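Here is a short note for a colleague who is meeting this structure for the first time. Please read the points below with the sequence and the model side by side.

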Amino acid sequence: MYPIARSLLFRLDPETTHGMALNALDALHKVGGIKRVYGEPVSDPVELMGLRFPNRVGLAAGLDKNADHLDALGELGFGFVEVGTVTPKAQPGNPKPRLFRLAGHEAIINRFGFNNKGVEHLVAQVKKRHYNGIVGINIGKNLTTSVEHALDDYLACLNAVHGAADYIAVNISSPNTPGLRTLQFGEQLDALLGPIRAQSRKLDAQAGRNVPLLVKIAPDMSEEEVALVAGSIARNELDGVIATNTTVSREAVSDDPQAQEAGGLSGKPVFEASNTVIRLLRSHLPTLPIIGVGGIDSGEAAKTKIAAGADLVQLYSGLIYQGPALVRQCANALKQGN
Ligand SMILES: Cc1cc2nc3c(=O)[nH]c(=O)nc-3n(C[C@H](O)[C@H](O)[C@H](O)COP(=O)(O)O)c2cc1C
């Protein structure tokens, strides 16, 4: 069924399709249709970071930036859903067009630029959810906040989301907010992660509950850079890492007429690059929880991510190209004993 829907949807402007698909999913959810079509989620519980994930397959950040579709998306069978990236204040993001399909490569380029309704809206949405999987909240900074003051925005988001999140992901790897990715390197990373970790510990103590703190990193790093990031993750005692975000490289898609659109490239072409980062992280940090994301388009690809060193996986672009059946396909492939 999905290939037919896809061939119709792919004739429309990508961002319009995106909104239509989410609204259709909400409508189907309201009449109980998602479970009828896709069945019960795969049960394959995993304990990680003090949380119990119903299965190992999650939705990556960026599809549900405001947690407006959490219940419907959760019903597709995800063990966890990461909402956001959210910023302290609402912001419109970059001018359209800002989403491009490179269908020949099963890839996407986006330069949304953290369009979102602000952290207060997201927290209210998360609090009223019925979805009973794990909910991660991915936090960022407003475009109007300078990189020098980025910490203020991350702390404002952390304070706002701590009571609602099962885990919190610090996003310093989007290519669409100028300067953001510089926070991943050198002393800047410790200067950011140190105070965020300290504040999250304070909030944990006040709440009597540990909310795991993770950082999400880019695939565009040398071996030395991954080693430095790993060092900072260890020093600041983060609970885990999400690897990876989209790439700024266009090497794998240079023949595509849209290859030169600015933004982050995701989907199949980022698969190997993100696996390399995961392998390196795993070699530096043998016990660190790793969420592997980038280019998963089949159960086999999900298994490869785990073999590279990930504990859990996330999907985004694969969902657009393969359809919602991919969630169960991956969860079944990863189910222990399979
Ligand atoms: C349209 C689009 C929007 C995205 N927005 C975000 C975002 O807001 N925050 C974030 O951390 N990652 C964002 N991502 C990156 C994904 O979460 C994921 O890390 C990346 O796409 C690689 O996975 P994939 O190949 O399965 O898509 C976005 C990706 C896409 C395609």
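1. Helices, of at least four residues, and strands, of at least two, are DSSP runs numbered from the N terminus, and on that numbering Ser174 falls in the loop between strand S8 (167-171) and helix H7 (186-207). The model is a predicted one, which should be kept in mind throughout. Although Ser174 belongs to a loop, the residue counts as buried because its relative accessibility is 5%, and the cut-off for buried is under 20%. A polar atom of the Ser174 side chain lies 3.1 Å from the backbone nitrogen of Asn176, and, when residues up to four places away in sequence are not counted, Ser174 touches Phe114, Leu180, Arg181 and Asn245.

2. Turning to the ligand, one finds 24 residues surrounding it, of which Ala61, Thr85, Lys216, Gly295 and Ser317 are the closest. The shell is made up of nine nonpolar, 13 polar and two charged residues. Oxygen atoms of the ligand take part in several polar pairs: one is 3.1 Å from an N or O atom in the side chain of Asn171, one is 2.8 Å from an N or O atom in the side chain of Lys216, and one is 2.8 Å from a polar backbone atom of Gly267. The protein buries 98% of the 610 Å² that the ligand exposes when taken alone, and the elements giving two or more residues to the shell are strand S6 (107-110) and strand S11 (264-267).

3. Gly267, whose backbone pairs with the ligand, sits in strand S11 and is buried, with a relative accessible area of 4%. Leaving aside neighbours within four places in sequence, Gly267 is in contact with Glu106, Ala107, Gly295 and Ser317. Its C-alpha atom is separated by 15 Å from that of Cys330, a residue 63 places away along the chain.

4. Cys330 is one of the buried residues of helix H12, together with Leu326, Val327, Arg328, Ala331, Ala333 and Leu334. Because seven of the ten residues of H12 (residues 325-334) are buried, this helix is largely enclosed by the rest of the structure. Its buried residues pack against helix H3 (33-38), strand S3 (57-59), helix H10 (299-308), strand S13 (312-315) and helix H11 (317-322).

5. Which members of the largest nonpolar core touch the most other members? In this core of 96 residues they are Phe78, Ile137, Ile139 and Tyr154. Beyond neighbours within four places in sequence, the contacts of Tyr154 include Ile139, Val170, Asn171, Leu180 and Ile196. Apart from this core lies another, of seven residues, among them Leu102, Ile109, Ala259 and Leu265.

6. Finally, some backbone features deserve a careful look, since most residues other than glycine have a negative phi, and most peptide bonds are trans. The peptide bond from Gly84 to Thr85 is cis, with omega near 15 degrees, and Thr85 is placed in strand S4 (residues 80-86). Lys96 and Pro97 are also joined by a cis peptide bond, with omega about 0 degrees, and Pro97 lies in the loop between S4 and strand S5 (99-102). Met49, in the loop between strand S1 (46-48) and strand S2 (51-53), has a positive phi of about 55 degrees, while Ala67, in the loop between S3 and helix H4 (70-74), has a phi near 60 degrees. Met49 counts as buried at 18% relative accessibility, and Ala67 counts as buried at 3%.

Conventions. Residues are numbered from 1 along each chain as its sequence is written. This is a predicted model: local features need pLDDT of at least 70, side-chain atom pairs count only at pLDDT 80 or more; totals for chains, interfaces and linings use all residues. Side-chain values use heavy atoms; hydrogens and water are left out. A residue is near a molecule or strand if one of its heavy atoms lies within 4 Å of it. A polar contact is a pair of N or O atoms within 3.5 Å; within protein, one must be able to donate a hydrogen and the other to accept it, and residues adjacent in sequence count only if both atoms are side-chain atoms. Accessible areas come from the Shrake-Rupley method with a 1.4 Å probe; for residues, only the protein chains shown count as cover. Ala, Val, Leu, Ile, Met, Phe, Trp, Tyr, Cys and Pro count as nonpolar, Asp, Glu, Lys and Arg as charged, and the others, Gly among them, as polar. A nonpolar core is a set of buried Ala, Val, Leu, Ile, Met, Phe, Trp, Tyr and Cys residues joined through side-chain atoms within 4.5 Å. Buried means under 20% relative accessible area, exposed over 50%, partly exposed in between (1.4 Å probe, protein chains only). Contact means heavy atoms within 4.5 Å.
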